[in-house]
Every structure is written in structure tokens, then in C-alpha cells.
Amino acid sequence: MRMQSKGRVWKFGNNINTDEIIPAKYLVTSDEKELGRHCLEDVNPEFPGRVKKGDIIVAGENFGCGSSREHAALAIKGAGISCVIAKSFARIFLRNCINIGLPIIEKDIFRFCKENNLLSIDFKKGIIENLSQKKKFTMDKFPQFIQEIIQNGGLMKWVKKNIR
Amino acid sequence: MTITEKILAGHTNKKEVVPGDFILADVDLALGNDITAPTAIEEFKKAGGKKVFDPEKIVLVPDHFSPAKDLESARLAKRLKLFARKHKIAHYYELGRMGIEHALIPEQGLVSPGNLVVGADSHTCTYGALGAFSAGIGSTDLAAAFITGKCWFKVPETIKLVYYGKLPKWVSGKDLILHTIGDIGVDGAHYKAMEFTGEVIKNLAMDSRLTMCNMAIEAGAKNGIIAPDEITYEYLHSPLSTLHSLFKSDPGANYAEVREYDVSKIEPQVAFPPLPSNSKPISRVGRVLIDQVVIGSCTNGRISDLRTAASIMKGKEVKVRTIIIPATQKIYLQALKEGLIETFIKANCVVSTPTCGPCLGGHMGVLAEDEVCISTTNRNFVGRMGSPKSKVYLSNPAVAAASAIKGRIAGPGK
Ligand code: SF4
């Protein structure tokens, strides 16, 4: 993971569940690119086709609720999203994101972002900036080892590095 | 600190933790089943895992689709068996010794007060009833735990739930937890620990405690927990631990919220579809005709549940299809010895070998379109037990048994 990320905002509301993130019919694969091609298509049909590498999801409460399937986090990562910022995340979804190395931030900035705004995130300094609206927000940084997990690209890669 | 915070801190090199801290903690037990463990095994192999951290601390239970319901589930169970053999996993339960994981593990004495248990199954929170910290995790977490014996956590805040008053007849742990979830909602304890306390809990039998902690996840909680006491140690057949005082919350512990319930006002509850929080007292249920009754699962498939159901069915016949599933082999045998199985069969019930089966719409009692079931399980989500057009109501075993006799949802009477 880079320590910076910059991309356009895609907004999603409250209680986006794992079935909406990746419908069950696509669960026959765990290839993140393939999953990414159907990511969130039932909520916003334009999303999978138009999302660009580096783009950022901004959402409301309880993002990722529902089943504990890891495919949901993989689909978002596979779509090219560089970070998800939500007011709150469902518990196992939050774990899964960190475990597969998808950066997430728990912060309520929904009201301060418009669709397509340009955001930049400095993970090291803990700052989110809405460049389109010239607004800055601070975020709580994850502790060192959680950051390491994300930076290494996920829990298993981190484990691999740390068991040698 | 609260009991949850104490146990978490005790499994790190820290003296103290506060809610919000991220920690890397040692696990005492890591659990997987026939649905979640195969994915974890795959990840384990991909990461180049050669050895598990401790073959004594891993539990593998094929319970969801067993005895294998089709070729796919047979393959999943086979992967579990081969992995268990290769790594000499001490606690692998083949059919014949098997039971539903969350009933089997406490029964086998694999969890002690103060333990930290993780499981790739959301109802792993059940073991909080034994005074352990116990939480559901993902398959990747489980793979990492297999290798390292560790798991990361964000320390949760705790909600304290205090139950007082006299428990009315037929009101059990299931009713207390359904009532509580009805009160706080399915995300009422989001990320948090639910600590069950008060004079009612102190006198509550272990089976009911297990039921309450089992359903903590249905309020969005990370874990449910009950401080260990005489009842706990009696259940575990072990002497009162000298560490006992470590496993209770300090008088000055910080709680996110404290709620009190006067149980003398609580009736047997029925949770209407499609959420466990849609609970109503039995007197306000109205006329609901049913097609099926299920008594079993990790929530209410224990011996006391079967005793309650049999006491109501004795000498009577059920009006609708009724499926009874003892949660473990031991419970099954005990029920046989006590004549409960005979009571059920004479009442025209079906009695099955231990399995999750209908609870997750897997097998052994899947519902067709527009069919209605009352079940002692823990989830009544859309399509949980079969067709998305079927309906599931949740209740305790007494209400389920009385409903089976009447062919509609009914209370067990006085
Ligand atoms: S009985 Fe139901 S809730 Fe319990 S472990 Fe099995 S499927 Fe899950």
C-alpha cells in the first residue's frame, strides 16, 4: 500500500450489505479482478464500469453488514478502490478488509463530500483532504501493526514475513 | 477493567487495555467447521504454512452439512478430515462423536473461564457463558491463527445488562435474550461486549446461559460474557478456580451503557420474521398457523431443552411436521436413557442425529415457498431455512413444543 492515495469519490449510503457489494451468484470465484467487475452493481450499475484505479468510497453507517464472506472486501479491492471511508463498518467486514490489505477509515465525512469530488489521503500524517471543497479532516491512525498488515497487502503476507 | 478487558489484556503483554485499543492476542482455542475451515486451510497452504501452532488448540467440527448431504459437502468435510490427520489435530470430531460445534465444545470441557477463543463461525460467542472471551472471525483470521496462534482485536466497549426479579414459569434464557434484542435492536450492541449480570443470571442454569451468549451476535455484539461462578465450575466439573477474582469486572469498570430488566414482567417471547429483534410476548402473537417445528441447534438443542419439550409432548401427538435434533451425541444418548426420544417418536416427531441441518436451510427440514416454521434456532432472516418466501419464527423449546401440538403458535400454558 502506498502511504498516499488520491481519487474520486463514489458515495454509498447506510447499511450497504455484503449481498449488495457482491451478489451471491458471483461467489463461484475468489478472483478479486473478476469479483470487481460486479462490485456494487445492484446499488449503482455504473460503478463497476466507470470506477478508476485509486478511487475512494465514502459511505454511511454499518458498511459491509450481512454475511462474513471475504469476497465482499475482495470485490472492492479488485475494482481498484484505494480506500473506503465510512461512518462505521460491520465488525467482520472491518476485519476482512484489514486482513486482505484494503485500507479503510472510520470517519463520518459523508456530508462533506459530493459525488466525484477529488480526495487525497495521507495515511502517515492521518489526514484526509477534500481537494474539490478545500476541506481537511484528521483521522485516527491504526496502530503500528495493523498499519503493517495493510501495508504488507494483508494478514497472510504479514504472517509469512513474520514467521520466518 | 471489565471482565472482557481483563481477559484480553491477559492474553497480551499489556497490563491494561482500554476500549478502542488494537491488540495482538494469544488464542487458547481456534475453531473451524465444514463451511469455513476449508477456506482457511487453503490460505494456510498458500502462505506456505507447514505446521499448526499447536495441534491441541485447534478444533475442527464438520457439523453444518453432515452427514454429508451431497457431493460438494462431502468434499468439504473430507478436506477437514485430511487436514486434521496430517496435522494431528487433537480435537477433530468425526461423525459418531460429533455434535454441533457450540454445544460440543463446552460439553467436552475445551473452554475454561478466562480463555480467549476464536472461531470462524459467528456463534462462537456462545462460550462467553463459561466466562471466556470468545468471538467470531473470518477464514483468513483462522488461517493466521492456525500458523501463529494469535489473532488481532479491537478492544470492545461493554454494555452491562442487569436482570432482576422472579423468573416466571416457562421463561428461559432464550426469552431473556430475545426480549433484550427486541429492546436494543439487531445493532444495539454493535462492536461491543454484552455482559449479562444480576441476580437472575446468578441463578440461571448453564444451558440457559449458553443460549443467551449464543445470541449476543444477533444484537451485533462482538462477544457475550457471564462472570464465572459456582454454576460454571460445577458444569465444568472443576474446583472453583483460585483465579476466580480475575474473571469478574471491577466495581469501578467503565460501561458504555447499563440496562436493567425486571424479568417478572417478561413472558415467553416469539421473534417474528425476518429479524430476531421482532420479538413479542406470547400473549400478543395472535393466530399464526405453522407447517413445521424445529427443536435443536446450538441455541436450544441441549438436554434441558429436550426435557422441556418432552414434558409438553408426553402422551400427545403433534399436528405438524416436527423435527427434533439433539445437539450432540452425548445429549442424544442422555435423551434416549431418559425416555425423551420415545416420547418424541410416540408423538410422531422426527428425531435426527446431531447436525446444524435446517437451522441454516442446509438439509433435514428445508422449507418450501410460503411454509411457516417455528424454531428454537437463532436466526429468522429471509430465506434462512429455505425458500425466500418461507417464514421462520423463533422461540424457546416450550413454545415450540406447545405449537407442535396445536398446529399453530401457542404458549405452553400455566
Ligand atoms: S446450529 Fe445454526 S447457528 Fe448454530 S452453528 Fe449450526 S448453523 Fe450456525
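1. Helix 5 of chain B in this predicted model deserves attention. Of its 10 residues, 9 are buried, so the helix is largely enclosed by the rest of the structure. The buried residues are S139(B), T140(B), D141(B), L142(B), A143(B), A144(B), A145(B), F146(B) and I147(B). Just past the end of this helix, G149(B) has a positive phi of about 75 degrees.

2. What does D141(B) pair with? Its side chain meets that of R95(A) in a salt bridge, 2.8 Å from N to O. D141(B) belongs to helix 5 of chain B and R95(A) to helix 5 (residues 91-100) of chain A, so the pair joins two chains. Are the two partners buried or exposed? D141(B) has 1% relative accessibility and counts as buried. R95(A), at 2%, counts as buried too. The cut-off for buried is under 20% relative accessible area, so D141(B) at 1% and R95(A) at 2% both satisfy it.

3. Now the interface as a whole. Chain B puts 25 residues in contact with 25 residues of chain A. About 2200 Å² is buried between the two chains, and 64% of that lies on carbon and sulfur atoms. Which three residues supply the most area on the chain B side? They are F22(B), W152(B) and Y191(B), with 33% of what chain B buries against chain A.

4. Polar terms across the interface come next. The rule finds 2 salt bridges between chain B and chain A. One of them links E106(A) to K154(B), with the closest N and O atoms 3.5 Å apart. The interface also has 11 residue pairs in polar contact, where both residues are at pLDDT 80 or more.

5. Which elements build the chain B side? Those giving two or more residues are strand 1 (22-26), helix 2 (37-46), strand 6 (133-136), helix 5 (139-148) and strand 7 (150-154) of chain B. Helix 5 gives the most, with 7 residues. By residue type, this side of chain B divides into 13 nonpolar, 7 polar and 5 charged.

6. The nonpolar packing can be read core by core. The largest core holds 85 residues. Those with the most contacts inside it are F47(A), I57(A), F63(A), I76(A), F93(A) and L60(B), so named from both chains. Helix 5 of chain B supplies the largest share of this core, 6 residues. Take F93(A) as one example. Setting aside neighbours within four places in sequence, F93(A) is in contact with I21(A), F63(A), G64(A), A72(A), A73(A) and I76(A). A second core, separate from the largest, has 52 residues, including V61(B), C213(B), I226(B) and I266(B).

7. Salt bridges over all chains come to 21. Two within single chains are worth a look. In chain A, the side chains of D122(A) and K125(A) meet at 3.8 Å, N to O. D122(A) is buried, with a relative accessible area of 13%. K125(A) is exposed, at 61%. In chain B, E257(B) forms a salt bridge with R259(B), the closest N and O atoms being 2.5 Å apart. E257(B) counts as partly exposed at 28% relative accessibility. R259(B) also counts as partly exposed, at 27%. A network of salt bridges links D183(B), E257(B) and R259(B).

8. Last, a polar residue: N223(B). Where does N223(B) sit? Its place is in strand 10 (residues 223-225) of chain B. N223(B) is buried, with a relative accessible area of 0%. Its side chain joins that of T4(B) through a polar contact of 3.3 Å. Not counting residues up to four places away in sequence, N223(B) touches T4(B), C125(B), F133(B), S134(B), P156(B), K192(B), A193(B), M194(B) and A216(B).

Key. Residues are numbered from 1 along each chain as its sequence is written. Chains are lettered from A and ligands numbered from 1 in the order in which they are written. This is a predicted model: local features need pLDDT of at least 70, side-chain atom pairs count only at pLDDT 80 or more; totals for chains, interfaces and linings use all residues. Side-chain values use heavy atoms; hydrogens and water are left out. Contact means heavy atoms within 4.5 Å. Buried area is the accessible area (1.4 Å probe) that two parts lose on being put together, summed over both. A salt bridge is a side-chain nitrogen of Lys or Arg within 4 Å of a carboxyl oxygen of Asp or Glu. A polar contact is a pair of N or O atoms within 3.5 Å; within protein, one must be able to donate a hydrogen and the other to accept it, and residues adjacent in sequence count only if both atoms are side-chain atoms. Helices (H or I, at least four residues) and strands (E, at least two) are DSSP runs, numbered from the N terminus. Ala, Val, Leu, Ile, Met, Phe, Trp, Tyr, Cys and Pro count as nonpolar, Asp, Glu, Lys and Arg as charged, and the others, Gly among them, as polar. A nonpolar core is a set of buried Ala, Val, Leu, Ile, Met, Phe, Trp, Tyr and Cys residues joined through side-chain atoms within 4.5 Å. Buried means under 20% relative accessible area, exposed over 50%, partly exposed in between (1.4 Å probe, protein chains only).
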